[in-house]
Amino acid sequence: MSDDPSERGSAMEGGGFYNRHSAMQATGAAALLALWEDAYRTVDIGQGPVTIVDFGSSQGRNSMIPMHIAIDGLRDRLGPSVPIEIVHTDLPSNDFTALFEALATDPNSYMIGTSGVFPFAIGRSYFAQLLPPKRVHLGWSAWALQWMSTSVVKAQDHILAGMSALPSVVSAVEKQQASDWRCFLKLRSEEMRPGAKLVAGFTARTATATGWEWLLGELWSAAGEMGKDGMFSEEELNQITIPIGLRTLEDIKAPFVHSGYFADLRLEHLGLIHVSDPCWEEFETSGDKATFARCHADMTRAWSGPVITSLIADIRRGPQLASELFARFERRLLQVPRPHRPYMAAVVLSKRP
Ligand SMILES: C[S@@+](CC[C@H](N)C(=O)[O-])C[C@H]1O[C@@H](n2cnc3c(N)ncnc32)[C@H](O)[C@@H]1O
């Protein structure tokens, strides 16, 4: 498998599945809206078309509300005639068909009730420059920047690279995440206009917790069960490492510590949000364990299914083995339901005016 994320098939579960099963991500995005509102109300626009970029949009459903409120806010500031470009970016393997269908049919589509709005999509990794220099006024990125630019780090003790306890894996993930963060910042700085702002939320951790311990511990245990039943060898289990790392707030701050700026970007805001669990809220009302387990199994499959399938050595049986893994995972979640509350970093960056 290629280590270049633009070549590997690690986008979200296709056929609109991610759009239908990403309520947790929607809950996290909602917690970023106050920061976003402040950004689009205060950003320096200057003349001409406004360009808003959504980095790691996936199938677009969770971007509808943030984009819609930004369009409305900018219309209040700039009047009806200024064109607004919305550029959604993701990996080439992303289900862009679902994105364009959502733009046409989702009840929250930002195309409804607006005019002079022009949606575009770019199928290319954001570890490359995606837009011409000084083009972008506003950037948005939700739940994407935890993905590493490479899948070379393999954890023998966990399904998620960033949750390994092995010192060599911990340090390789930290190094990769530090280098990816600097790379992302430099590239976005090139694209941003002076005074532009970027709001990002992504999976993060405290010094001791990620919030994913229960959920991904169960996924790893389900994979281990399959190993015991002869469906995966030890080597295959080592290979199945989701290339995600979780940064601390200190890691995120690091490039800015020396001078307050990095690549002409200033860290205007940095916070840690403890995201609530929409499946748990439903469970508390219904008491329905099966629905709770299905809710988390589908949501987990929506973001991790394709990458897990692509890492299963037996390519022909990959989809079947992945289905078995998620069925066992769901059965495990049924045993002792509990809230899943991940940590999300909330970041606002501004480009030097
Ligand atoms: C969990 S989804 C988040 C989607 C959406 N922003 C949301 O809030 O629901 C993460 C997205 O980031 C994308 N992604 C991961 N690495 C990327 C990269 N290097 N370049 C562009 N997109 C990337 C994935 O393909 C996926 O669609």
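Colleague: In which loop of this predicted model is Asp264 found?
Modeller: Two strands frame the position of Asp264. One is strand E6, covering 261–262, and the other is strand E7, covering 265–274. Asp264 is therefore assigned to the loop between strand E6 and strand E7.

Colleague: Is Asp264 buried or exposed, or partly exposed?
Modeller: Buried means under 20% relative accessible area, and exposed means over 50%. The value for Asp264 lies in between, so the residue is partly exposed, with a relative accessible area of 35%.

Colleague: What is the phi of Asp264?
Modeller: Most residues other than glycine have a negative phi. Asp264 is not a glycine, and yet its phi is positive, at about 65 degrees.

Colleague: Which residue in the loop between strand E3 and strand E4 has a positive phi although it is not a glycine?
Modeller: The loop in question runs between strand E3 (117–123) and strand E4 (136–142). A residue in this loop has a positive phi of about 55 degrees without being a glycine. That residue is Lys134.

Colleague: Which residue places a backbone N or O atom 2.8 Å from a nitrogen atom of the ligand?
Modeller: Tyr18, Gly56, Asn62, Asp90 and Ala142 come nearest to the ligand among the 18 residues around it. Asn62 uses a polar side-chain atom, 2.8 Å from an oxygen atom of the ligand. The backbone atom that lies 2.8 Å from a ligand nitrogen belongs to Gly56.

Colleague: How much of the ligand does the protein bury?
Modeller: The side chain of Ser125 has an N or O atom 3.1 Å from a nitrogen atom of the ligand. Taken alone, the ligand exposes 600 Å². The ligand sits in the largest cavity, and the share of its area buried by the protein is 98%.

How values were computed. Residues numbered from 1 in each chain as written. Predicted model: local features only at pLDDT ≥ 70, side-chain atom pairs only at ≥ 80, totals over all residues. Heavy atoms only, no water. Near = heavy atom within 4 Å. Polar contact = N/O pair within 3.5 Å; in protein donor to acceptor, adjacent residues only side chain to side chain. Areas by Shrake-Rupley, 256 points an atom, 1.4 Å probe, with all protein chains shown as cover. 1 Å grid on protein atoms, 1.4 Å probe; cavity = no way out; pocket = protein on both sides within 12 Å on 5 of 7 lines; lining within 4 Å. Sits in = over half its atoms within 2 Å of the grid points. Helix = DSSP H or I, 4+ residues; strand = E, 2+ residues; numbered from the N terminus. Buried < 20%, exposed > 50% of the residue type's maximum accessible area, 1.4 Å probe, protein only.
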